[in-house]
Amino acid sequence: MPLIVLVGLPGSGKTTVGRSLARRLQVPFADSDAVIEQRLGCTIRDYFDHQGEAAFRDVEQAVIDELTQSPPGVLATGGGAVLRPANRRHLRERGTVIYLRASPEQLHRRLRHDTKRPLLQVDDPLARLRALHAERDPLYRECAHFVLDAHGTSLSMLVGRIVMQLELMPGAGVPAAPPASAPPSG
């Protein structure tokens, strides 16, 4: 089974979906932002505030390079992981990339009280999400093998759709879903 990589805007559900997908497939789960924070010894927001975005992207690139060389599993990336060409190349070549797509308006409703995401700590978070979408949507699509709408679907249905897409890939080696129990005949 290949490494399964989730990309998308902040708040699109990469971590939540990734954890559930990893449980479903019985493989390890990693979140690149969590690994980065563990290595830095501080939050990404604090690092952004003190070192700047460019320094953060350097650390992120090193972590993405390392995590994409790990054994098969599920990897949730930070929303900006696709900004660097090397990251997009590593993600696409070393894994099966799934873009969890959601509109800026949907994400704004979900994230309106979030204080952890540094790029959204602005006067107009919706305008910022629209700008991020305009900039990043083509990059997500460039490295993605599949694009799935992340809004309006339950977690279990979204995970099921991902598993189905993976099962359809030639040579994917994804474990098939357990059979549903047949209703009693009567």
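This report describes the fold, the central strands, one kinked helix and four individual residues of a predicted protein model.

**Basis and confidence**

Residues are numbered from 1 along each chain as its sequence is written. Because the model is predicted, local features need pLDDT of at least 70 and side-chain atom pairs count only at pLDDT 80 or more, while totals for chains, interfaces and linings use all residues; side-chain values use heavy atoms, with hydrogens and water left out.

The pLDDT score is the predictor's confidence in each residue, from 0 to 100. Its mean over the protein chain is 86, and 87% of the residues reach 70 or more. Confidence is highest in strand E3 (residues 74-76), at 97, and lowest in H6, at a mean of 83. Over residues 176-186 the pLDDT stays under 50, and the model has five contacts beyond four places in sequence for this stretch. Where pLDDT is low, the predicted coordinates should not be read in detail.

**Overall architecture**

Helices (H or I, at least four residues) and strands (E, at least two) are DSSP runs, numbered from the N terminus. The protein chain has eight helices and five strands, in the order β-α-β-α-α-α-β-α-β-α-α-β-α from the N terminus on. A residue is called buried under 20% relative accessible area, exposed over 50%, and partly exposed in between (1.4 Å probe, protein chains only). Of the 186 residues in the protein chain, 43% are buried. A contact means heavy atoms within 4.5 Å. Among contacts between residues at least 6 apart in sequence, 73% join residues at least 24 apart.

**Strands E1, E4 and E5**

Two strands pair if DSSP finds at least two bridges between them. Strand E4 (95-101) pairs in the parallel sense with E1 over five bridges and, also in the parallel sense, with E5 over four bridges. Six of the seven residues of E4 are buried. The residues that stand opposite each other include the following pairs.

| Residue | Partner residue |
|---|---|
| Val5 | Val97 in E4 |
| Ile98 | Phe146 in E5 |
| Tyr99 | Val147 in E5 |

In a regular strand the side chains alternate between the two faces of the sheet. Strand E5 (residues 146-149) shows such an alternation: Phe146 and Leu148 point to one face and are buried, whereas Val147 and Asp149 point to the other and are not.

Val5 lies in strand E1 and is buried, with a relative accessible area of 0%. Its contacts, not counting residues up to four places away in sequence, are Leu75, Thr77, Leu91, Gly95, Thr96, Val97 and Ile98.

**Helix H7**

At 1.5 Å a residue, the 19 residues of helix H7 (residues 125-143) should span 27 Å, and the 26 Å between its end C-alpha atoms agrees with this. The expected span is 1.5 Å times one less than the number of residues. H7 has a kink of about 40 degrees at Arg136, shortly before the proline Pro138; the bend at a residue is the angle between axes fitted to the seven residues ending there and the seven starting there. Arg136 is also one of the buried residues of H7, which further include Leu129, Leu132, Leu139 and Tyr140. The elements covering these buried residues include strand E1 (3-7), helix H4 (53-67), H5, E4 and helix H6 (104-111).

**Residues in and beside H5**

Polar contacts are pairs of N or O atoms within 3.5 Å; within protein, one must be able to donate a hydrogen and the other to accept it, and residues adjacent in sequence count only if both atoms are side-chain atoms.

Asn87, in helix H5 (residues 85-94), is buried at a relative accessible area of 0%. A polar atom of its side chain lies 2.9 Å from the backbone oxygen of Ala81. Beyond four places in sequence, Asn87 touches Glu60, Gln61, Ile64 and Ala81.

Arg92 also lies in H5, but is partly exposed, with a relative accessible area of 34%. Leaving aside neighbours within four places in sequence, Arg92 is in contact with Val97, Glu142, Cys143, Ala144 and His145. The C-alpha atoms of Arg92 and Ala144, 52 residues apart along the chain, are separated by 6.8 Å.

Thr68 belongs to the loop between H4 and E3 and counts as buried at 5% relative accessibility. A polar atom of the Thr68 side chain lies 3.1 Å from the backbone oxygen of Asp65, and a polar contact of 2.8 Å joins the side chains of Thr68 and Arg94.
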